[in-house]
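Thank you all for coming; I would like to take a few minutes to walk through one model, strand by strand where that helps. Please keep the structure open while I talk.

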Amino acid sequence: MAGVNWTDSTIEAAGTNIHVSRAGRGRPLLVLHHETGTLDRLPFYDALAAQYDVLVPHHPGYSRSPRPDWMRSVRDIAVVYRGMLSELKVAKPALVGLGFGGWIAAEMASMAPADLSHLVLVGAMGIKPPQGDILDLAITGYMDYARAGFHDQKVFDKVYGAEPPIDQLEMWDICREMSFRIAWKPYMYSQTLPHLLGSVRVPALVVWGDDDKVVPQSASERYLAALPNAKLEVVKACGHCVDMEQPEALAKLVTTFIGRE
Amino acid sequence: MHLMYFTEQPMSAYPEQAGRDFGATALMFPNTNFDPKEGSRLYNNYIEQYMLAEEVGVDGIMLNEHHNAPFCMQAKANIFAAILAGMTEKAKIVMLGNPLPLAENPVRLAEELAMIDMISKGRLVSGFVRGGGQEQLATGVNPAFNRERFEEAHDLVVKAWTRPGPFRFEGTHYQHRVVNPWAVPLQKPYPRVWIPGVISKETIVWAAQQRYPYIALNTSIEQTKKIWELYDQVALQSGYVGGPENRGYLIQVHISDNEEKAIENARQFRWMQGEFTGLAHPVWSTPSGYGSPTARRAFVEFASGRAKNPRGETSFEQQMADLRIIAGTPKTVVAKLKRILEETRPGILALWGNDGRVSQEDSLTCIRLMGQEVFPAIREIAKELDLKSPFESNAPVHLKYSTDLKQTAQAAAE
């Protein structure tokens, strides 16, 4: 989807600089990326920007945003993002969280349940799966971990290259370090989040790839039970990184769910 | 010169092929391969080795700790230290060391060490380490805060040993509202602290800033010299002159009454596929945030298989030629050690005598020859070279107990 005009800027919130890419017009929509950071541009972001005012912040400590040494939890990122939205005067955005970003989105929803229009969680971390465990970054090699996010390895090759450059590996290491700093124990979930989601009455869409090797699909059951107004969509022949593996399918699910108004 | 015996306490009684098939045996090699009957036999063998080491007059017995791996059976160094405190009478109990970041409660560690010091009647040397990456993963400790936890736990242990209680400690990683251990060290101001390491610059600098001896672990002569260069530079900046009393060295040395047998047994130093710790998965040995940020790029290149191990891979023969492994009869061994002493001038020397599947009989022979023939000769050489240990030179336990500090240009400017 060529022709989308992205602008990049740095927004300060809670004393932290956040790199934000923004494009499109319409209803505000915040996309929150994975624990592997994000590439600057992705077809999924472009597809959403054709319909919405899309903001893609790089999480503090990930990709282009510097690391705040004081952060100790994923909830800290959610609070900083609430501050960022307030700095930008963006009210009631739709929140689209991808994997680890889904955990942040769920935290943001729980802390201000009236200040969002829709919640979309895609293979979200943040809740302990009733069956299986979230794949452990700490014992998985860089390439093995990144590849585990994809059902079809040819798609991985297309997104990152079959042999991603050292810059990318180094960035994955930086992202890992930040994930360890804020999500080490319990690993990649919160014990209190399921209880706090009970007030989130906005429409919620829980999306899972049917071959998610990073977050077991059983976690979707707990999200559906915790969110009062949620439904599930399963994407076939797809891994954890639905946004990168099937961008058009996911964009269609999101736009259908959120609508244009 | 302070002369010590060391063994990794290998858990060598497991199906070797299973380990080779598995590959990286540190951390995830299934413990279904651990046979506790063999474990019991080996632990008692190691006690026998230590008792003989004491009998033949070593100055110290060096202990260490690792987790989840066959290369080392000591899951808690304090247990063996406590055993030796009760069973031996003369040898120093040199722990190199307790992995501080692994401690969730450093006050408890301070208590255990104080008990060991009292029971041993003041023979404890309490070294501290960061612990390898696998150790953090084996104990669920966050590798990203490894260095911060190391330094903070050290401060808390030393406070618990030296500051009258009760007091309160509010740190970043440790918070203790009541610190008042009813077990304090016998040695004053506190037991000597030595810091072992392989190469990480930050640790060398930190040790020199504390005036704690740094123990280089099996580094090459060239690497060792570079370590002392850095240590001495930081020492000068801190107001003192570094010397042999600040320098320790651990080296793999197998001694036998037969040259060929010595070399054959020395091959066991590479029983873990040539690595200290067994073949290590780089992502486990250096989890993100554990290593120095300056080495990040080189590390990811290695970890992803696009560059060779920055530590290098050398053959047994090369390691023998480089004097990183020494093997032979006492005469051969002393001549080679002399060269190391001349070139690197340590005041503390640990001989890692036995490893892998060396038989108990050969291990005991090695220890006997070490104590009765090699160490007496090394003591003479050390005298000629004026290599004094921290005990012989009565070195301060920590920089703050120094009485000889010179005001440095840096301090004067502040």
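Let me begin in the middle of a sheet, with Arg22 of chain A, which stands opposite Leu55(A) in S4(A). I should say at once that this is a predicted model, and everything that follows should be heard with that in mind.

The strand that carries this pairing is S2(A), residues 16–23, and S2(A) pairs with strand S4 of chain A, residues 53–57, in the antiparallel sense over 4 bridges. Arg22(A) also has a partner in the other direction, since Thr7(A) stands opposite Arg22(A) in S2(A). Thr7(A) belongs to strand S1, residues 7–13 of chain A, and 7 bridges join S1 to S2, the two running antiparallel. These two strands, S1(A) and S2(A), form a hairpin with 2 residues between them, and Ala14(A) in the turn has a positive phi of about 50°.

If we now step back, what is the order of the strands in the sheet? In chain A, the order is S1-S2-S4-S3-S5-S6-S7-S8, in an open sheet of 8 strands with mixed pairing. As a general reminder, the strands of a sheet pair through backbone hydrogen bonds, whether parallel or antiparallel. The edge strands here are S1 and S8 of chain A, the latter covering 230–235, and each of them pairs on one side only. On average, and with direction ignored, neighbouring strands of this sheet are turned by 20° against each other.

At the S8 edge, strand S7 of chain A, residues 204–209, is joined to S8(A) by 6 bridges, and these two strands run parallel. Within that pair, Leu205(A) has Lys231(A) in S8(A) as its bridge partner. Helix H2 of chain A, residues 74–87, packs on the sheet and touches S1, S2 and S4 of chain A, its direction making about 115° with that of S1(A).

Let me turn, finally, to chain B, which contains 15 helices and 11 strands. Its radius of gyration is 21 Å, close to the 22 Å that the globule rule gives for 414 residues, so chain B is as compact as a globular protein of that length. Taken along the principal axes, the C-alpha atoms of chain B fill a box of roughly 60 × 50 × 45 Å. Of the 414 residues in this chain, 48% count as buried, and among contacts in chain B with a separation of 6 or more, 76% are accounted for by residues 24 or more positions apart.

Technical notes
Residues are numbered from 1 along each chain as its sequence is written. Chains are lettered from A and ligands numbered from 1 in the order in which they are written. This is a predicted model: local features need pLDDT of at least 70, side-chain atom pairs count only at pLDDT 80 or more; totals for chains, interfaces and linings use all residues. Two strands pair if DSSP finds at least two bridges between them. Axes are lines fitted to C-alpha atoms, for helices over the stretch in contact, and angles run from 0 to 180 degrees between N-to-C directions. Two residues are in contact if their C-beta atoms, placed from the backbone, lie within 7 Å. The radius of gyration is taken over C-alpha atoms; the globule rule is 2.2 Å times the number of residues to the power 0.38. A residue is buried if 20 or more other C-beta atoms lie within 10 Å of its own, exposed if 12 or fewer, and partly exposed in between; C-beta atoms are placed from the backbone.
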